[in-house]
Each structure stands twice: as structure tokens, then as C-alpha cells.
Amino acid sequence: MSDKEVILTIEGLKKLESELEELKSVRRREVAQRIKQAIEFGDISENSEYEDAKNEQAFNEGRILTLEKMLRNAKIIDDENLGTEVVSIGSTVLLRDMEFDEEFKCTIVGSAEADPAEDKISNESPVGKAILGKSKGETVEVTVPAGILKYQIVDIIK
């Protein structure tokens, strides 16, 4: 079975590379130091500091492996070459909620860098799927657990 392709913008790639570097260079040393200190306390069989440090080490190493795999399977979307004719991954889109007549912006990104707090929605999300490939002026219907939402694509920004 092949590994799943991870779609990233250049910004997302840099963010993951930075996190990986931090985990490898800084966090590994910090955790190793915590383990060393916990061992110095004596009997490790009943040492909660040692247990916590080992758990943190396992989590850190797991995250490193995950990030390395994501970066190996990364497909980079160059947003410099994006058009504004149709919505694609990397596009920033101005949408109008037809029910409430409110507008909002969102950027379509791969699932690895989706962050609703930063208005970055995944291409695999219901809204992301619905607007991909659509043009300015089109209205889309999105089925969500609460019902059907209608959005009009007001503008596609690079």
C-alpha cells in the first residue's frame, strides 16, 4: 500500500519543516535531560517523573516519524501559479452565506495544514469539496449534519 499524498502550500511546507527541526534539535535534548534527571532520583520502577519523560519521548519520536512521512509524501502547491478562474487548492475564496447574507474568506489547503482558526479549510472538508473547481458567481450546496448550506462564490483571490 502506498503512502497517502500530502498536499501542502509552500507556507505549510515551511511550517512542518520548522516543527520537525524543533522536535529533533530542541525537544529531543530537553526530553533526554528530563529522563536523565528522573533516573538520578533512583528506583525507576516507581518513578512518575521517569514515566512521564518516557511518555513524552515516545510522543515526540512519534510526531517526528509522522512529520518525516508527511514531508516525504508532500506534493507542493505553488500558489504563485494559481489562476483566479476556478477554485483550486491554494486559492483564497470570498464566499457569501446565502441564508444569512454574510461574506467570509477562506483558503483551500490540504488536510495536513487545515486550520479553521486561520480560515484555512481542507480540500477534503464538505465546503472544500463543494467549491473546488467552481467559478466566480456559482452557487454551491453543501450537505452537513445540520442540513444544507448554500454558498455563492463572490471572488477567487490568488
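Tutor: Let us start with the cut-off we will need: a salt bridge is a side-chain nitrogen of Lys or Arg within 4 Å of a carboxyl oxygen of Asp or Glu. Please keep in mind throughout that this is a predicted model.

Student: How do I apply that to Asp97, and which side chain of opposite charge is nearest to Asp97?

Tutor: The nearest side chain of opposite charge is that of Arg96, 9.0 Å away, and because a salt bridge has to fall within 4 Å, Asp97 has none although it is buried. Asp97 belongs to strand 3, which covers residues 92–97.

Student: What does the side chain of Asp97 have around it, and which backbone nitrogen lies 2.9 Å from one of its polar atoms?

Tutor: That backbone nitrogen belongs to Glu99. If residues up to four places away in sequence are set aside, Asp97 also touches Glu102, Lys150 and Tyr151.

Student: Tyr151 brings me to aromatic rings. How many aromatic pairs does the structure hold?

Tutor: The structure holds one aromatic pair. Its members are Phe104 and Tyr151, with 5.6 Å between the ring centres and 80° between the planes, which makes the arrangement edge-to-face. Phe104 sits in strand 4 and Tyr151 in strand 7 (residues 147–157), so the pair ties together parts that are 47 residues apart in sequence.

Student: Are the two rings buried or exposed?

Tutor: The two residues have to be read separately: Tyr151, at 7% relative accessibility, counts as buried, whereas Phe104, with a relative accessible area of 32%, is partly exposed.

Student: How should I read the nonpolar interior, and which residues of the largest nonpolar core touch the most other members?

Tutor: As a general idea, nonpolar side chains tend to be buried together in soluble globular proteins. Here the largest nonpolar core has 17 residues, and those touching the most other members are Val87, Val93, Leu95, Ile131, Val142 and Ile153. Strand 3, strand 4, helix 3 (126–131), strand 6 (139–144) and strand 7 each give two or more residues to this core. There is also a second, separate core of nine residues, and Leu16, Leu20, Ile64 and Leu67 are among them.

Student: What does Val87 touch, beyond residues up to four places away in sequence?

Tutor: Its contacts include Val93, Ile131 and Ile153, together with Ile108, Leu132, Gly133, Lys134 and Ile156. For another residue of strand 7, take Ile148, which counts as exposed at 53% relative accessibility. Leaving aside neighbours within four places in sequence, Ile148 is in contact with Glu141, Val142 and Thr143.

Student: Returning to salt bridges, how many does a search of the whole structure find?

Tutor: The search finds 14 salt bridges. One of them joins Glu56 to Arg27, with the closest N and O atoms 1.7 Å apart, and it links Glu56 in helix 2 (residues 48–72) with Arg27 in helix 1 (residues 10–40), 29 residues away along the chain. Glu56 also meets Arg34 in a salt bridge, at 2.0 Å from N to O, and this pair again links helix 2 to helix 1, across 22 residues. Both arginines are partly exposed: Arg27 has a relative accessible area of 24%, and Arg34 one of 33%.

Student: Where in the structure do the partners Asp155 and Lys136 lie?

Tutor: Asp155 forms a salt bridge with Lys136, the closest N and O atoms being 3.8 Å apart. Asp155 is in strand 7 and Lys136 in the loop between helix 3 and strand 6, so the pair ties together parts that are 19 residues apart in sequence. Lys136 counts as exposed at 54% relative accessibility, while Asp155 is partly exposed at 28%. Elsewhere, salt bridges that share partners join Glu11, Lys15, Glu118 and Lys120 into one network.

Student: Where is Glu118 found?

Tutor: Glu118 is in the loop between strand 4 (102–109) and strand 5 (120–122), and its relative accessible area of 40% makes it partly exposed. The C-alpha atoms of Glu118 and Thr107 are separated by 8.8 Å, at 11 residues apart along the chain, while those of Glu118 and Ile148, 30 residues apart, are separated by 24 Å.

Student: How can a hydroxyl residue such as Ser125 be read, and which backbone oxygen does its side chain reach?

Tutor: The side chain of Ser125 reaches the backbone oxygen of Ser122 at 2.8 Å. Ser125 lies in the loop between strand 5 and helix 3, and it is buried, with a relative accessible area of 18%.

Terms used: Residues are numbered from 1 along each chain as its sequence is written. This is a predicted model: local features need pLDDT of at least 70, side-chain atom pairs count only at pLDDT 80 or more; totals for chains, interfaces and linings use all residues. Side-chain values use heavy atoms; hydrogens and water are left out. Helices (H or I, at least four residues) and strands (E, at least two) are DSSP runs, numbered from the N terminus. Buried means under 20% relative accessible area, exposed over 50%, partly exposed in between (1.4 Å probe, protein chains only). Lys and Arg count as positive and Asp and Glu as negative; His and the chain ends are not counted. A polar contact is a pair of N or O atoms within 3.5 Å; within protein, one must be able to donate a hydrogen and the other to accept it, and residues adjacent in sequence count only if both atoms are side-chain atoms. Contact means heavy atoms within 4.5 Å. Rings of Phe, Tyr and Trp (its six-membered ring) pair if their centres lie within 6.5 Å; planes under 30 degrees apart count as stacked, over 60 as edge-to-face and the rest as tilted. A nonpolar core is a set of buried Ala, Val, Leu, Ile, Met, Phe, Trp, Tyr and Cys residues joined through side-chain atoms within 4.5 Å.
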